[in-house]
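Let's walk through this structure together, starting from a single residue and working outward. Have the viewer open as you read.

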Amino acid sequence: MSAPSLTPSKAGRPRHPEPRPQGPAAPGGAFAKSLRRNLTAHGFLIGAVVCFAVFSWWPMVREFLLAFQKTESGESVWVGLDNFRTVFNDPSFWQAWGNTVWYTVLALVFGFVVPFVLAITINEFRHGKGYLRLLVYLPVMLPPVAAVLLFQYLYDPGYGLLNELLGFVGLPEQQWLQDADIAMFSLVIASTWMNMGGATLIYLAALQGIPGELYEAAELDGAGLLRKIWHVTVPQTRLILSLMLLMQVIATMQVFVEPFLLTGGAGPEGSTTTVVYLIYQYAFNFNNYGAAAALGLLLLVLLAGFSAAYVKLSRAEDE
Amino acid sequence: MSTRTLISPAVLAKSRGKRLYWAAFALVTGGFTVAFLGPLYWLVSSGFKDTQEVVRTPPTLVPESFTPENYSRAWEVMDLSTLLFNTFYYAFGALAFQLILDVAAAYSLSKLRPVLGKAILGMMLATLMIPATVLVVPQYLTVLDVPIVERNLLNSPWAIWLPSVTNAFNIFLLKRFFDSIPKELLDAASMDGASPMRILWSIVLPISRPILGVVSIFAVVGVWKDFLWPMLTLPDPAKQTLNVGIYSLSNGVPVNVLIAALTIASLPTLIVFLIFQRNIMGGLTAGSLKG
């Protein structure tokens, strides 16, 4: 397999075993070698690059173009800000943003705080950790339709288990998904149950990295349980907490599947219409791709700030 | 191998501490079991109830009727074998495409370092900054009429496979792992005349088994759990995925049959999870902690 090196270079660059066309001392040798090395390297890259170009980069450009265009009998016409006007004048516009922000806030209260508390709790136990971790992560592995339709069955105001449980502890029955005031809560509960496993495991891993001496030092200073959490646990996991917070905001602002499956999208009195559901409606119910792209662009700009913060923070973590 | 945590071992050693510990442990373990296994128990058990019992109030905790026919009816009525096969086909096809194209790309970016490689990596990672749901509309329009080749990929598995390759996070994970492979190792092989392909196959890939496992799990689970994209690009009922197929038939079947279908749909991933739980949960934290 081994061929004697004919070139003066000892760099040991990857070489093809087949005979090389140019002579060993040809003046273009270095250039030809670098060209061939690059061709090989780009050969390995090309498949992924083509996929990115067609299904990712081009759609990104197209998103911007679509937002300022209209399709009339198969032809794309520039319409300036018309699409944005359509979107702003839609009576559902502000409701959708309000609902989305409300969902995000609720999802943070449940989905951000609960996994952290669960992780701290699991981390204290000397037994059964594997079992508890397994349980928390179990729902994440369910196909979302199975989890969501299961919740629909549990929420049913007639024969659902949840109303039965409420009755059992003496609380009034709820209409859950049919009640405009609490439909969003119902979505958040289902979504948290389905999705919090990932965050819990990530926090658990972060907690295991906290040096035990810090807790001992805090105890010497007479700190109680809550103060230890506040002054040791939280600062020690601050970076991962902020990263998860940003990631969760970015993900929950794009909520679609839960309202689409549980309340048919809009929900009672439009109480679960979210921004992404509105985008979906523009594009796939009304064939108005321009309006869909315009609203998408607004969401993109809003979330770009969170994404930028995320990138900055994760760079800080690498250093 | 206990590490020091919030509550000091001295407190736990006292008898009061011990009692509190076990009380808390019992409470939490019980609570978790009810909260996370409870709904799954409800799913499986309701699938065995007959048509009246499944909507009875108050609901029965243990099924009084036993109608396993629900499961066979769900299998036939919702054509679950087709849906399961489709989902497997899409998920493992996407896995194959990602393993071949993304591994090759990450290897090239990490070890072969072509001209413009950094810029290409930057543009790939930039896609992570764009909210995925925003891109769905222009991506859908692209699938309807793919540029240059002018093909409509609607109802074709390519509509799932090719976009799945644009998984910048997997490329990032792979590249970071390849970066950690010492240069000397690969240089020695190339001195012996091994081609880049051979180095990738005989040296890089065998070392990279752990990260390949993580990436594979992300790839398969990603397709398995996706809903919006397959709903848009595979409207033909014979081509649908499990998620979309069950959703589109969910209003036309009795409750107990639907629940039986949901149970069947949940089984494959649950079984895979129980077998590979260590790799899956380990991979998740390995992938995201330094993401």
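A:F55 is a good place to begin: this residue is buried, because 23 other C-beta atoms lie within 10 Å. Here a residue is called buried if 20 or more other C-beta atoms lie within 10 Å of its own, exposed if 12 or fewer, and partly exposed in between, with C-beta atoms placed from the backbone. This is a predicted model, in which local features need pLDDT of at least 70 and side-chain atom pairs count only at pLDDT 80 or more, while totals for chains, interfaces and linings use all residues. Residues are numbered from 1 along each chain as its sequence is written, and chains are lettered from A and ligands numbered from 1 in the order in which they are written.

A:F55 sits in helix α1 (residues 29–67) of chain A; helices (H or I, at least four residues) and strands (E, at least two) are DSSP runs numbered from the N terminus. Leaving aside neighbours within four places in sequence, A:F55 is in contact with B:Q139, B:T142, B:L162, B:P163 and B:T166, where contact requires C-beta atoms, placed from the backbone, within 7 Å. Along its own chain, A:P235 is 180 residues away from A:F55, and their C-alpha atoms are 41 Å apart.

Now zoom out to the two chains. In total, 87 residues of chain B are in contact with 91 residues of chain A. On the chain B side, helix α14 (residues 255–289) gives the most, with 15 residues. By class, that side has 56 nonpolar, 24 polar and 7 charged residues (Ala, Val, Leu, Ile, Met, Phe, Trp, Tyr, Cys and Pro count as nonpolar, Asp, Glu, Lys and Arg as charged, and the others, Gly among them, as polar).

Next comes the interior. The largest nonpolar core, a set of buried Ala, Val, Leu, Ile, Met, Phe, Trp, Tyr and Cys residues joined through C-beta atoms within 7 Å, has 156 residues, and those with the most contacts inside it are A:I279, A:L295, B:A261 and B:L262. Helix α8 (residues 183–207) of chain A gives the most to this core, with 16 residues. Not counting residues up to four places away in sequence, B:L262 touches A:A146, A:L149, A:L150, B:L43 and B:I246.

Finally, consider the domains, whose bounds come from an automatic or database assignment. Chain B is assigned domain 1 (9–70) and domain 2 (78–249), with C-alpha centres 39 Å apart. Chain A is assigned domain 1 (29–59) and domain 2 (82–318).

Note on methods
Contact = placed C-beta atoms within 7 Å.
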